[in-house]
Amino acid sequence: MSPWSWFLLQTLCLLPTGAAQRRGAPGAANCELKPQQSELNSFLWTIKRDPPSYFFGTIHVPYTRVWDFIPDNSKEAFLQSSTVYFELDLTDPYTISALTSCQMLPQGKNLQDVLPKDIYCRLKRHLEYVKLMMPSWMTPDQRGKGLYADYLFNAIAGNWERKRPVWVMLMVNSLTEVDIKSRGVPVLDLFLAQEAERLRKQTGAVEKVEEQCHPLNGLNFSQVIFALNQTLLQQESLRAGSLQIPYTTEDLIKHYNCGDLSSVILSHDSSQVPNFINATLPPQELITAQEIDSYLRRELIYKRNERIGKRVKALLEEFPDKGFFFAFGAASQ
């Protein structure tokens, strides 16, 4: 699960796993799906041993948008496996508390102390706009479940002045109409964790929060200010109607439901920040954007995959008689 996705996890209204409606995933309507459920493309890989173990590629969107398009063989592999491992332990309260601590500025500091004045003022204006608009973004279904705009805004953006700028940047990216409309339903990873718990399966995690969190905090100050400024510019342009983002959550869902692993769309789900590399940037800013992209790929994809791979190998070797189901983000596999 990417740090960006933690904003989904932190603010979910956790429903019983049977409570959310499972039908109707329009994100797959335009792809060439096979007529039979059993023939759907799969994000499942089998580790051939006895009993078999599996890798399953997840996506960090509400599970109701993709569940009907996950092939039966993937669901059967999950049910048959005695042990389910995730990137993080999504049901452990420590996961959330550790994330919260990781996001905070040092004691006694707040954003007004560390951000340039113009960026701080633009950030404050944008959050005021979001708070004003959020009631109109909420769906009747959300309101029917007791999820209201003021509560949701405070759950996502509360205490924002105490957060490190990089986490505020991620927060701003999660405060869009499309993302707000999806709150209240567990993302696929969390749904699988809840199901594993309900089925009394043994569960575990291959990472600690700090291992995902510290690389983001390792960006230098000028890189973080650049990223926050670019994020605000993008959101301001979207508000003004002068920009359309090249990919959306709907695109991501469609590609996943179509089994399109090679799609570049999926790479955005694992990116920790928006793609800032843009041919229109001045040369020095383009270098900064490339440095951020290179750093995050190295820390959060290459090094991370190597670390996870070693831990998975150790688990398989230590417990040869167990059937494992590893549920990791599809784009990071």
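## Strands and partners

Two strands count as paired when DSSP finds at least two bridges between them. With that in hand, let's look at this predicted model, starting with one residue pair: Y85 has F326, in strand 5, as its bridge partner. That pair belongs to a wider match, in which strand 3 (residues 83-86) and strand 5 (residues 324-329) run parallel and are joined by 4 bridges.

## The sheet

Zooming out, 5 strands make up an open sheet with mixed pairing, and their order across it is 1-2-5-3-4. At the edges sit strand 1 (44-47) and strand 4 (202-205), each of which pairs on one side only. On average, neighbouring strands in this sheet are turned by 20° against each other, direction ignored.

## A helix across the strands

Which strands does helix 15 lie across? Helix 15, covering residues 283-318, lies across strand 1, strand 2 (53-58), strand 3 and strand 5. Relative to strand 5, helix 15 runs at about 170°.

## The protein as a whole

Now for the overall picture. Alongside its 5 strands, the protein has 15 helices. There are 333 residues in the protein, and 50% of them are buried.

How do the contacts spread along the chain? Among contacts with a separation of 6 or more, 83% are between residues 24 or more positions apart.

On the outside, the accessible surface amounts to about 15,900 Å². Carbon and sulfur atoms account for 52% of that surface.

Methods
Residues are numbered from 1 along each chain as its sequence is written. This is a predicted model: local features need pLDDT of at least 70, side-chain atom pairs count only at pLDDT 80 or more; totals for chains, interfaces and linings use all residues. Side-chain values use heavy atoms; hydrogens and water are left out. Helices (H or I, at least four residues) and strands (E, at least two) are DSSP runs, numbered from the N terminus. Buried means under 20% relative accessible area, exposed over 50%, partly exposed in between (1.4 Å probe, protein chains only). Contact means heavy atoms within 4.5 Å. Accessible areas come from the Shrake-Rupley method with a 1.4 Å probe; for residues, only the protein chains shown count as cover. Axes are lines fitted to C-alpha atoms, for helices over the stretch in contact, and angles run from 0 to 180 degrees between N-to-C directions.
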